[in-house]
Amino acid sequence: MSLGPAEVAKIAHLARLAILDEDAPAYARNLSAILELVDQMNAVDTTGVAPMAHPLDMAQRLRPDEVSESNQRAHFQAIAPQTEAGLYLVPKVIE
Amino acid sequence: MNSHSAAALHEHTIARLSAGLAAGEFSSEELTRALLARIEQFNPALNAFITVTAESALAQARAADQRRQRGGAGPLTGVPIAHKDIFCTDGVRTSCGSRMLDRFIAPYDATVVEKLNAAGAVMLGKTNMDEFAMGSSNETSFYGPVPNPWDPEAVPGGSSGGSAAAVAARLTPGATGTDTGGSIRQPAALCGITGIKPTYGRVSRWGMIAYASSLDQGGPMARTAEDCALLLGAMAGFDPRDSTSVDRPVPDYAATLDQPLKGLKVGLPEEYFGEGLDGAVARVVESAIAEYRRLGAETVEISLPNSPLAIPAYYVIAPAECSSNLARFDGVRYGHRCENPKNLLDLYARSRGEGFGAEVKRRILVGTFALSAGYYDAYYLKAQQIRRLISDDFRRAFQQVDVIMGPTSPTVAFNLGEKADDPITMYLSDIYTIAVNLAGLPGLSLPAGFVGQRPVGLQLIGDYFAEDRLLNVAHRYQQVTDWHQRAPAAFA
């Protein structure tokens, strides 16, 4: 599998990642090389092999739906780039 | 300070420091001052620490000295350590080696930090690392590379390169690390120290900044297996805040270190000694294995036939999980935010584009592609199936042997800049460590000799939760060899 600069731009958009136009060819080259490495997986037939999502094949533990955390909004917002009245500020989304 | 000069304290292992503190030979404050002085002297050139927390270290040291006087001190009370800058530390910058988190002051402690604090350990500072733990040379760090203490032309390995270099240079007797594809074991090998990646789920991941959540595992790095046993005992254990933490008692790792190795069955995988392994490294590893035979171990040839598939599968699974985990860095709640965003999309894209370095971007892009519509089965599902095959290889092997041995890394430390522009060549340096993460098994690297002046690591792989066995097997070797006692001349 090989990718070109236009495909890189599309993936970068999906990832919400700004890539400079002049860097796109280098990313395309690197990504194609990585996918070529990854394509070595096709050397083995995995028909019928159960995918392994967890190294110990454990299921996620559940917990009772009880309040376990206290409100620390001011503490957590102290490190936010921009807040006002307890809210995170972002550029206007709806005109 | 009795018979100890301040200059000698840095030469001691954690076990020796613990005994000295208990006997009142020196105080934690004296010890901490001595190590902070070494950090001040050597860190400007070594760059192993991103942040030094001198003031809080001295406060912790004084508190540890008081606790010892009151009674109730444990083996780590007053012992200085360093944390990889991936572990959140309340009130202290936690950068993860990234511009994205250059000004991120963590608002809470990771469980590992909390546990080591409770044990009375003293935090000297936060160590350098590849950005978001993505790298094998520490060169992807926003804070610059770290020279290998044994040879300033060489890399220290990565991603826990700062921790490994700091321990090797005697700036700290121990440090925390994390290992997603070899990030504890490979730098431990390249810097001539001992490090263990525990079984997945053994050490809590809570507050450890996530890279690939089904592979990430924290562990200790120190000069000896005995020191790793002391640190792991404090770090391990069930944590309800980590949904993949395993609820299982933590054994006393120090108690079983001395068990004899007579009759130990050691598996030698043919795939770990073939093409790609440097001849001089192979000879060092083979002489370490011969030493084990003298200790009573029996060696058996085994095969892990799916080993060549580990790197391809890893470079689907890890980037896929990374692309999802790193989606949280959006320039809104914390971390880097671009100037004057035009709109919300611009805010996300430029904050991330400016905050992440090239290797992190590559992995986010690969992961996003692998998970995108139409490609999931061909990449992610296929990789998870291969993961099963790799895990089955190990299961079969452990029906036959107690531990698996081989090289940690196919070469000694490579030169700074040598592989920095070639991601694929860099990835291949983790060829012997990555499969262990895919299977979730414990792995340990210990110093086994040198090629020229650069150290060689021997890797031990154990069955699930056999950390005690790995530490025991490493410790017995360290009782009859002195590779782990060698110090780089510039830092002796």
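User: Before I read the interface, what counts as a salt bridge?
Analyst: A salt bridge is a side-chain nitrogen of Lys or Arg within 4 Å of a carboxyl oxygen of Asp or Glu. This model is predicted. Across the interface of chain A and chain B, that rule finds zero salt bridges.

User: How many residue pairs are in polar contact across the interface of chain A and chain B?
Analyst: There are 15 such pairs, with both residues at pLDDT 80 or more. By class, the side of chain A that touches chain B has 36 nonpolar, nine polar and four charged residues.

User: How many residues are in contact, and what area is buried between the chains?
Analyst: On chain A, 49 residues are in contact with 70 residues of chain B. The buried area is about 5,100 Å². Carbon and sulfur atoms give 70% of that area. Met41(A), Met52(A) and Arg61(A) supply 14% of what chain A buries against chain B, more than any other three residues.

User: Which helix gives the most to the side of chain A that touches chain B?
Analyst: H2(A) does, with eight residues.

User: Now the interior. Which residues have the most contacts inside the largest nonpolar core?
Analyst: That core has 170 residues. Those with the most contacts inside it are Phe132(B), Tyr292(B), Phe394(B), Met405(B), Leu460(B) and Leu471(B). Helix H9 of chain B, residues 310-325, gives the most to this core, with 10 residues.

User: What is Leu471(B) in contact with, leaving aside neighbours within four places in sequence?
Analyst: Its partners include Ile196(B), Cys228(B), Tyr253(B) and Leu444(B). A second, separate core has seven residues, among them Leu190(B) and Phe414(B).

Definitions and conventions: Residues numbered from 1 in each chain as written. Chains lettered and ligands numbered in written order. Heavy atoms only, no water. Core = buried A, V, L, I, M, F, W, Y, C linked by side-chain atoms within 4.5 Å. Buried < 20%, exposed > 50% of the residue type's maximum accessible area, 1.4 Å probe, protein only. Helix = DSSP H or I, 4+ residues; strand = E, 2+ residues; numbered from the N terminus. Contact = heavy atoms within 4.5 Å. Buried area = accessible area lost by both parts, 1.4 Å probe. Polar contact = N/O pair within 3.5 Å; in protein donor to acceptor, adjacent residues only side chain to side chain. Nonpolar A, V, L, I, M, F, W, Y, C, P; charged D, E, K, R; others polar.
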